[in-house]
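User: I would like to learn how to read a structure feature by feature. Could you walk me through one?

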Amino acid sequence: MEGSLTLQFECQRGCTKCCQTEGYVYITEKDLVRIAKFLKMKPAEFEERYVYRTKHLLRLRKPGGGKQCHFLKDGFGCTIHPVNPVQCRLYPFWPELVESRKEWKREARRCPGIGKGELIQIGDALEKSGEMRVAYPGIYE
Ligand code: SF4
Ligand code: SF4
């Protein structure tokens with residue numbers, strides 16, 4: 001990010017705003033296998049029930065009723081947290097946010113953790129965002 005060597009971020013306890021934001025949760029093939037195992041399901045069974053597969057991407061199906069994710073439980077948070085998808089684990093260190101000061105600041109309207117807590121070196125933030133590019137070539141290629 002030009003002109004700034006650090007970003008500030010700390011996820012806020014009890015917050016689940018990013019899990020309720022309108023959008024898709026993309027997963028990797030490894031996520032699919034790990035989440036299925038965590039839920040004690042076969043990968044094929046998990047995929048049939050929870051995943052929408054296109055030629056280049058996999059994404060979680062939405063539960064309907066305006067909800068964004070099957071795995072968000074009211075008053076608890078993410079029920080698959082130990083194995084949550086790459087994009088959830090890395091948020092808000094996504095390339096489109098980390099690489100633009102303007103977008104990072106704008107995202108603070110959605111994420112109350114932006115601008116709070118510890119300072120993160122831009123190099124570390126870019127390293128994390130690089131994981132996103134590797135995980136989702138169908139989005140970032
Ligand atoms: S919106 Fe930000 S602060 Fe809230 S849960 Fe998501 S990452 Fe954490
Ligand atoms: S998988 Fe978990 S962290 Fe990701 S959007 Fe769903 S509830 Fe949130």
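Analyst: Happily; we will go from the overall fold down to single residues, keeping in mind that this is a predicted model.

User: Let's start with the whole chain. How many helices and strands does the protein chain have?

Analyst: There are 8 helices and 7 strands in the protein chain. The radius of gyration is 16 Å, close to the 14 Å that the globule rule gives for 141 residues, so the chain is as compact as a globular protein of that length. Along the principal axes, the C-alpha trace spans about 50 × 35 × 25 Å.

User: What share of the contacts with a separation of 6 or more comes from residues 24 or more positions apart?

Analyst: Such pairs account for 71% of those contacts in the protein chain. As for burial, 21% of the 141 residues are buried.

User: How should I read a nonpolar core, and which residues have the most contacts inside the largest one?

Analyst: The general idea is that nonpolar side chains tend to be buried together in soluble globular proteins. Here the largest nonpolar core has 15 residues, and W94, V98 and W104 have the most contacts inside it. Two or more residues each come from β1 (6–9), α5 (95–98) and α7 (122–135), with α7 giving the most, 3 residues. There is also a second, separate core of 9 residues, and Y50, L60, C69 and F71 are among them.

User: You mentioned β1. Which of its side chains point to one face and are buried?

Analyst: In a regular strand, side chains alternate between the two faces of the sheet. In β1, L7 and F9 point to one face and are buried, whereas T6 and Q8 point to the other face and are not buried. The strand pairs with β7 (residues 114–121) in the antiparallel sense, over 4 bridges. Within that pairing, Q8 stands opposite L119 of β7.

User: And the open sheet: in what order do its 3 strands come?

Analyst: The order is β2-β4-β3, with antiparallel pairing. To find the edges, look for strands that pair on one side only: here they are β2 (26–27) and β3 (51–53). β2 and β4 (residues 58–60) are joined over 2 bridges, and Y26 has R59 in β4 as its bridge partner.

User: Now the backbone. Which peptide bond is cis, and which residue has a positive phi although it is not a glycine?

Analyst: As background, most residues other than glycine have a negative phi, and most peptide bonds are trans. The bond from Y91 to P92 is cis, with omega near 5 degrees. P92 lies in the loop between α4 (86–90) and α5. The residue with a positive phi is K40, at about 55 degrees. K40 sits in the loop between α2 (29–38) and α3 (43–50).

User: Why does K40 count as exposed?

Analyst: K40 counts as exposed because it has 8 C-beta neighbours inside 10 Å, and the cut-off for exposed is 12 or fewer.

User: Could we compare two residues of α7? What are the environments of R133 and A135?

Analyst: Counting C-beta neighbours is again the way in. R133, found in helix α7, has 13 of them inside 10 Å, so R133 counts as partly exposed. A135 is also placed in helix α7; with 21 such neighbours, A135 counts as buried. Next, set aside neighbours within four places in sequence: R133 is then in contact with P95 and Y140, while A135 is in contact with T28 and V86.

User: Last, the ligands. How do the residues of the shell around ligand 1 divide, and those around ligand 2?

Analyst: A good habit is to list the shell and then sort it by character. The shell of ligand 1 has 7 nonpolar, 3 polar and 1 charged residue. Residues around ligand 1 include C11, C15, C18 and C111, as well as Y91 and P92, the pair joined by the cis bond. The shell of ligand 2 has 9 nonpolar, 1 polar and no charged residues. Among the residues around ligand 2 are C19, C69, C78 and C88, along with F71 and N84. C69 and F71 also belong to the second core.

Conventions. Residues are numbered from 1 along each chain as its sequence is written. Chains are lettered from A and ligands numbered from 1 in the order in which they are written. This is a predicted model: local features need pLDDT of at least 70, side-chain atom pairs count only at pLDDT 80 or more; totals for chains, interfaces and linings use all residues. A residue is near a molecule or strand if its C-beta atom, placed from the backbone, lies within 6 Å of it. Ala, Val, Leu, Ile, Met, Phe, Trp, Tyr, Cys and Pro count as nonpolar, Asp, Glu, Lys and Arg as charged, and the others, Gly among them, as polar. The radius of gyration is taken over C-alpha atoms; the globule rule is 2.2 Å times the number of residues to the power 0.38. A residue is buried if 20 or more other C-beta atoms lie within 10 Å of its own, exposed if 12 or fewer, and partly exposed in between; C-beta atoms are placed from the backbone. Two residues are in contact if their C-beta atoms, placed from the backbone, lie within 7 Å. A nonpolar core is a set of buried Ala, Val, Leu, Ile, Met, Phe, Trp, Tyr and Cys residues joined through C-beta atoms within 7 Å. Two strands pair if DSSP finds at least two bridges between them.
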